[in-house]
Amino acid sequence: MKQSRRNFLKFAGLSAAGLCIAPTAVMASGGPSGGAHAAVNDNALHAKRWAMVIDTRKINTEEAIESLAEACHHFHNVPKINSDEEIKWLWSGTYGEVFPEQVNNFPSEAQETHRFPLLCNHCESPSCVRVCPTKATFKRPDGIVAMDYHRCIGCRYCMTGCPYGARSFNFSDPRLHMDMDKINKKFPTRMRGVVEKCNFCVERLAVGEMPACVEKSAGAIIFGDLQDPNSNVRKALRENFTIRRKPTAGTEPGVYYII
């Protein structure tokens, strides 16, 4: 009896110590969002508030946007599903779909035919973060709204909370829709029952590279620090007329469109 009691107390002590250590280990891992590891690399790109400016005078066709989407989706192992269960990080829409609050009754022909890139807006006040019960989606100090797929329970509250339709849900195993011999082994695949979306390529920023769509756009998408008055993003905003999606939602999107 004494031996059993001694073993029980020893086990309880080890369990308590483990509880003290575990949260630190989990936070340090950063999950698939690459949060903590980004600061370790000396080549990592840093900003107080990452933002994007898309020049729709240069990117306004289905073909151009599809090229950006292919680069994004290939790097992040986004499955290609041609159904209502489609997973998308970057896609296109009409002016009316993208800017429903800024449409007039008699649009120009160019406005009616042009297509506009759509992605997560990485908002200053993200409603998706507020409604997530497990903190699977969270805002990083640099303004990027990230996902921890291991914490996602598939409730889809974030999808309901997002006013931009920027999130997709894996109704089935996404790996069944991929050529596993051609996946990008630098980025994890997801599993059935989790939500995913654009992450502003945090894993590329962590090694000193620009987001995949920015690199592919050949200068038509500008990416930089919104808080730095000398950044290329602020320069583009000073020199061009820009609008953002659904301003009345009050989320303060981090993606601007040059019109």
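Cysteine 128 is buried, at a relative accessible area of 8%. That figure, like everything I will show, comes from a predicted model. Cysteine 128 sits in helix H5. Leaving aside residues up to four places away in sequence, cysteine 128 touches Thr137, Val145, Cys158 and Arg167. Lysine 139 is 11 residues from cysteine 128 along the chain, and their C-alpha atoms are 9.8 Å apart.

Lysine 139 takes us to the salt bridges. How many does a search of the whole structure find? The search finds 11. I will go through some of them.

Lysine 139 belongs to a network of salt bridges, together with Arg49 and Glu124. Within that network, arginine 49 and glutamate 124 form a salt bridge in which the closest N and O atoms are 2.8 Å apart. Where do the two partners lie? Arginine 49 is in the loop between helix H1 (2–29) and strand E1 (50–55), while glutamate 124 is in the loop between strand E3 (116–118) and helix H5 (127–131). The pair therefore ties together parts that are 75 residues apart in sequence. As for burial, arginine 49 has 4% relative accessibility, so it counts as buried, the limit being under 20%. Glutamate 124 is partly exposed, with a relative accessible area of 37%.

Next, arginine 115 and glutamate 62. They form a salt bridge too, and here the closest N and O atoms are 3.0 Å apart. Arginine 115 lies in the loop between helix H4 (109–113) and E3, and glutamate 62 lies in helix H2, residues 62–75, so this salt bridge ties together parts that are 53 residues apart in sequence. Are these two residues buried or exposed? Arginine 115 is partly exposed, at a relative accessible area of 23%. Glutamate 62 is also partly exposed, at 35%.

The last pair is arginine 204 and glutamate 215. Their side chains meet in a salt bridge, 3.0 Å from N to O. Arginine 204 lies in helix H7, residues 202–205, and glutamate 215 in helix H8, residues 212–216. The parts tied together by this pair are 11 residues apart in sequence. Arginine 204 is buried, with a relative accessible area of 6%. Glutamate 215, at 55% relative accessibility, counts as exposed, because the limit for that class is over 50%.

To go back to the start: cysteine 128 is in helix H5, and the loop that holds glutamate 124 runs between strand E3 and helix H5. Glutamate 124 is in turn linked with Arg49 and Lys139 in the network of salt bridges.

Notes: Residues are numbered from 1 along each chain as its sequence is written. This is a predicted model: local features need pLDDT of at least 70, side-chain atom pairs count only at pLDDT 80 or more; totals for chains, interfaces and linings use all residues. Side-chain values use heavy atoms; hydrogens and water are left out. A salt bridge is a side-chain nitrogen of Lys or Arg within 4 Å of a carboxyl oxygen of Asp or Glu. Helices (H or I, at least four residues) and strands (E, at least two) are DSSP runs, numbered from the N terminus. Buried means under 20% relative accessible area, exposed over 50%, partly exposed in between (1.4 Å probe, protein chains only). Contact means heavy atoms within 4.5 Å.
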